[in-house]
Amino acid sequence: MDLGFADATAVVVGGGRGKGLATARCLAEDGARIAVIGRSADVLTEAADALTECGSPDAVGLVADIADQAQVDALFAGIGERWGGQLNVLVNTVGPGAAGTFEQLTDEQWLAAVDDGAMGMVRCVRAALPLLRNADWARIVNFSAHSTQRQSVMLPAYTAAKSMVNSISKNLSLLLAADEIMVNVVSPGSIASEALLSWAETVGVDGADPYALMSAIDEHFGHPAHLPRAGLPDEIGPVAAFLASRRNSYMTGANVNVDGGSDFYL
């Protein structure tokens, strides 16, 4: 399906690996010019090369710390200069957070989870809005987590931050409706991302086996899914790409679960 990304411009924050890179690949295959944002120059260079091979005519990796508003402002100012003051797509995928029960987490860990999981998105949207408003069409896609709907006692701070993402995104969808800028959320379930694979290694589970990975998630977190396996980053990318595309012409303020089925495990 032609998603209408030919000659479009897109920024994927956290697009150097995992779910972000999988999303960026889908945009690149449809002809979008893409900037992937992160902290590791080597990872971003490799990602940009891969996106060029996928078909992006102007893929670039840009280093920035989204915890620093000044860096974010400079980043988007440079993107505006690169692409004629316009931006069609902003995708925010970042948001790690420390694991631990309510009693175990320190104030610093709570605040870090909110800063990484929600405020980074806020800073990027704030800086990108003038470029998005200048474009003929624009979309924002923010990544949340299914733990906002299926609580885990080990992820209270991370989940609280992602709940902020949901609420802020809903508010943005209302604010930007007059501009016809659509804002939606993707809530991944148990996806074999780098963070989850690292955790699997600590508990002696073969992360390359999505069935074993789901069994371990069920055992340690009590979060099974209808499907008997963990998901893959490439199964998230197409969903996020549709929400970010011109084909999505009437969906805004939505939260789309991609979690292998979990509604009856509350």
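This is a guided tour of one structure, with residues to select in turn and a note on what is found at each.

The model is predicted, so local features need pLDDT of at least 70 and side-chain atom pairs count only at pLDDT 80 or more, while totals for chains, interfaces and linings use all residues. Residues are numbered from 1 along each chain as its sequence is written, and side-chain values use heavy atoms, with hydrogens and water left out.

**Stop 1: two positive phi angles**

Select aspartate 7, in the segment before β1 (9–13). Helices (H or I, at least four residues) and strands (E, at least two) are DSSP runs, numbered from the N terminus. Aspartate 7 is not a glycine, yet its phi is positive, at about 70 degrees. Most residues other than glycine have a negative phi. With 60% relative accessibility, aspartate 7 counts as exposed. Here buried means under 20% relative accessible area, exposed over 50%, and partly exposed in between (1.4 Å probe, protein chains only). The areas themselves come from the Shrake-Rupley method with a 1.4 Å probe.

Next, go to glutamate 180, in the loop between α5 (156–175) and β6 (181–188). Glutamate 180 also has a positive phi, near 55 degrees. Its relative accessibility is 60%, which counts as exposed.

**Stop 2: salt bridges**

Stay in that loop and select aspartate 179 together with arginine 133. They form a salt bridge, and their closest N and O atoms are 3.1 Å apart. Aspartate 179 lies in the loop between α5 and β6 and arginine 133 in helix α4 (residues 107–134), so this pair ties together parts that are 46 residues apart in sequence. A salt bridge is a side-chain nitrogen of Lys or Arg within 4 Å of a carboxyl oxygen of Asp or Glu. Aspartate 179 is partly exposed, at 38% relative accessible area, and arginine 133 is partly exposed too, at 42%.

How many salt bridges does a search of the whole structure find? The search finds 7.

Another of them joins arginine 39 to aspartate 65, with 3.1 Å between the closest N and O atoms. Arginine 39 is in the loop between β2 (33–38) and α2, and aspartate 65 is in the loop between β3 and α3, so the bridge ties together parts that are 26 residues apart in sequence. Is arginine 39 buried or exposed? Arginine 39 is exposed, with a relative accessible area of 59%, while aspartate 65 is partly exposed, with 25%.

Then select arginine 229 and glutamate 235. The closest N and O atoms of this salt bridge are 2.8 Å apart. Arginine 229 is partly exposed at 24% relative accessible area, and glutamate 235 is partly exposed at 34%.

**Stop 3: a charged patch**

Select Asp42, Glu46, Asp49 and Glu53, which gather in a patch of negative charge on the surface. Patches are made of residues with over 30% relative accessible area and no salt bridge; like charges are joined within 9 Å, and nonpolar side chains (Val, Leu, Ile, Met, Phe, Trp, Tyr) within 5 Å. Lys and Arg count as positive and Asp and Glu as negative, while His and the chain ends are not counted. The place of a charge is taken as NZ of Lys, CZ of Arg, CG of Asp or CD of Glu. Glutamate 53 belongs to helix α2 (residues 41–54), and it is exposed, with a relative accessible area of 73%.

**Stop 4: the two sides of α6**

Color helix α6 (residues 194–202) by accessibility. Which of its residues are buried? They are Leu196, Trp199 and Ala200. These residues cover an arc of only 105 degrees around the axis, which puts them on the same side of α6. The arc is that of the directions from the helix axis to the C-beta atoms. On the face turned away from the buried side are the exposed residues Ala195, Glu201 and Thr202.

**Stop 5: distances between C-alpha atoms**

Keep glutamate 201 selected and add valine 122, which is in helix α4. Valine 122 counts as buried, at 17% relative accessibility. The two residues are 79 apart in sequence, and 33 Å separates their C-alpha atoms.

Now select alanine 67, in the loop between β3 (60–63) and α3 (69–82). Alanine 67 is partly exposed, at 33% relative accessibility. From alanine 67 to cysteine 124 is 57 residues in sequence and 9.7 Å in space, C-alpha to C-alpha.

Finish at phenylalanine 242, in helix α8 (residues 237–243). Phenylalanine 242 counts as partly exposed, at 29% relative accessibility. Its C-alpha atom is separated by 9.1 Å from that of cysteine 26, although their positions lie 216 residues apart along the chain in sequence numbering.
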